[in-house]
Amino acid sequence: MDTKRTDLKIPYGISDFKRLRQEKYYYVDKSEYIRKLELAGNFLFFVRPRRFVKSLFAAIA
């Protein structure tokens, strides 16, 4: 059984959940990770690639 959904759009800049569902945008529920972050402690370190923000803004411009 093929479960790929090729009819879903990527929701660039959309933060309205109702609109995401009504207009069939791609959505991944990661709310299970909120509790994991709360239990992880006071000091968290999120690793990102070097120069990530600069290259991200260059791609948008």
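**A nonpolar surface patch and two salt bridges**

In this predicted model, Ile10, Tyr12, Tyr26 and Val28 come together as a nonpolar patch on the surface, with a joint accessible area of about 470 Å². Such patches are made of residues with over 30% relative accessible area and no salt bridge, nonpolar side chains (Val, Leu, Ile, Met, Phe, Trp, Tyr) being joined within 5 Å and like charges within 9 Å. Accessible areas were computed by the Shrake-Rupley method with a 1.4 Å probe, and for residues only the protein chains shown count as cover. One member of the patch, Tyr12, sits in the segment before α1 (17-22) and is exposed, at 70% relative accessible area.

Residues are numbered from 1 along each chain as its sequence is written. Local features need pLDDT of at least 70 and side-chain atom pairs pLDDT 80 or more, while totals for chains, interfaces and linings use all residues, and side-chain values use heavy atoms, with hydrogens and water left out.

The protein has three helices and zero strands, in the order α-α-α; these are DSSP runs numbered from the N terminus (helices H or I, at least four residues; strands E, at least two). Of its 61 residues, 5% are buried (buried, under 20% relative accessible area; exposed, over 50%; partly exposed, in between; 1.4 Å probe, protein chains only).

Two salt bridges were found, each defined as a side-chain nitrogen of Lys or Arg within 4 Å of a carboxyl oxygen of Asp or Glu. Arg19 pairs with Glu23 at 3.3 Å between the closest N and O atoms. Arg35 meets Glu38 at 3.2 Å; these two are three residues apart in helix α2 (residues 32-39), so about one helical turn separates them.
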